[in-house]
Amino acid sequence: ECMEAKINAAMIKEQLISNSRRTSNHCFLPRTMFWTSPSTAVDAAALKVGDRILGIFDEYLHVVHIELLQEALHDIVELRTRAACLAVTADHRIVVPGIDGEPSAEKPASQLKRGDRVFC
């Protein structure tokens with residue numbers, strides 16, 4: 001399914017949840033859903049250190065760090081399909097097809113264009 005990337009004109013104030021000690025490229029907005037099994041998803045705000053989530057290749061990943069960041073201004077990109085919508089920071093890494101068509105490359109969300117193929 002192709003996704004449409006739309007950058008909001010105004011900067012939006014949001015609290016971010018970080019999955020890493022680095023504060024850029026590893027943040028998720030509250031209400032971001034993570035799969036914890038093939039049939040169950042949880043809100044990012046409900047994750048705890050030690051929880052398991054499913055990665056892009058259906059492997060389990062362990063949450064090793066959670067940090068609630070203070071409110072700050074961030075550019076937000078909204079990714080949309082016919083069935084879903086996801087809001088991420090403009091520098092959020094999105095997995096895209098590499099030259100071979102496999103999920104082996106990344107782009108910041110702000111560089112996506114309408115019709116780009118992405119992996120989620």
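I'll begin with one contact: the side chains of Thr 89 and Asp 91 are joined by a polar contact of 3.0 Å. A polar contact here is a pair of N or O atoms within 3.5 Å; within protein, one must be able to donate a hydrogen and the other to accept it, and residues adjacent in sequence count only if both atoms are side-chain atoms.

Before going on, the ground rules. The model is predicted, so local features need pLDDT of at least 70 and side-chain atom pairs count only at pLDDT 80 or more, while totals for chains, interfaces and linings use all residues. Residues are numbered from 1 along each chain as its sequence is written, and side-chain values use heavy atoms, with hydrogens and water left out.

Now the overall picture. The protein has 0 helices and 14 strands. Both are DSSP runs numbered from the N terminus: helices are H or I, at least four residues, and strands are E, at least two. Of the 120 residues, 32% count as buried. Buried means under 20% relative accessible area, exposed means over 50%, and partly exposed is in between, with a 1.4 Å probe and protein chains only. Contact means heavy atoms within 4.5 Å. Among contacts between residues at least 6 apart in sequence, 43% join residues at least 24 apart.

Back to Thr 89. This residue is found in strand 12. Is Thr 89 buried or exposed? It counts as buried, because its relative accessibility is 6%.

Strand 12 covers residues 85–89 and runs antiparallel to strand 11, residues 76–80, with 5 bridges joining them. Two strands pair if DSSP finds at least two bridges between them. One bridge partnership is that of Leu 79 with Leu 86 in strand 12. The two strands form a hairpin, with 4 residues between them. Strand 11 is largely enclosed by the rest of the structure, because 4 of its 5 residues are buried.

That leads to the cores. A nonpolar core is a set of buried Ala, Val, Leu, Ile, Met, Phe, Trp, Tyr and Cys residues joined through side-chain atoms within 4.5 Å. The largest one has 9 residues, including Val 77, Leu 79, Val 88 and Ile 94. At least two residues of this core come from strand 11, and at least two from strand 13, residues 93–96. Another core, of 5 residues, lies apart from it, and among its members are Phe 28, Ala 44, Leu 47 and Ile 53. As background, nonpolar side chains tend to be buried together in soluble globular proteins.

Next, a second hairpin. How many residues lie between strand 5 and strand 6 in their hairpin? There are 2 residues between strand 5 and strand 6. Strand 5, residues 33–37, and strand 6, residues 40–43, run antiparallel and are joined by 4 bridges. Met 33 stands opposite Asp 43 in strand 6.

Ser 37 also lies in strand 5. Ser 37 counts as buried because its relative accessibility is 17%. A polar atom of the Ser 37 side chain lies 3.1 Å from the backbone nitrogen of Thr 40. Leaving aside residues up to four places away in sequence, Ser 37 touches Leu 54 and Tyr 60.

Tyr 60 has another partner. The charged end of Arg 52 sits over the Tyr 60 ring, 3.8 Å from its centre. To count, NZ of Lys or CZ of Arg must be within 6 Å of the ring centre and within 35 degrees of the ring normal.

Finally, two residues on the outside. Asp 58 lies in the loop between strand 7 (52–54) and strand 8 (60–62). Its phi is near 65°, a positive value in a residue other than glycine. Asp 58 counts as exposed, because its relative accessibility is 60%. The other is Leu 68, in strand 9, residues 67–68. Leu 68 is exposed, with a relative accessible area of 58%. Its C-alpha atom is separated by 8.9 Å from that of Ala 45, and the two residues are 23 residues apart along the chain.
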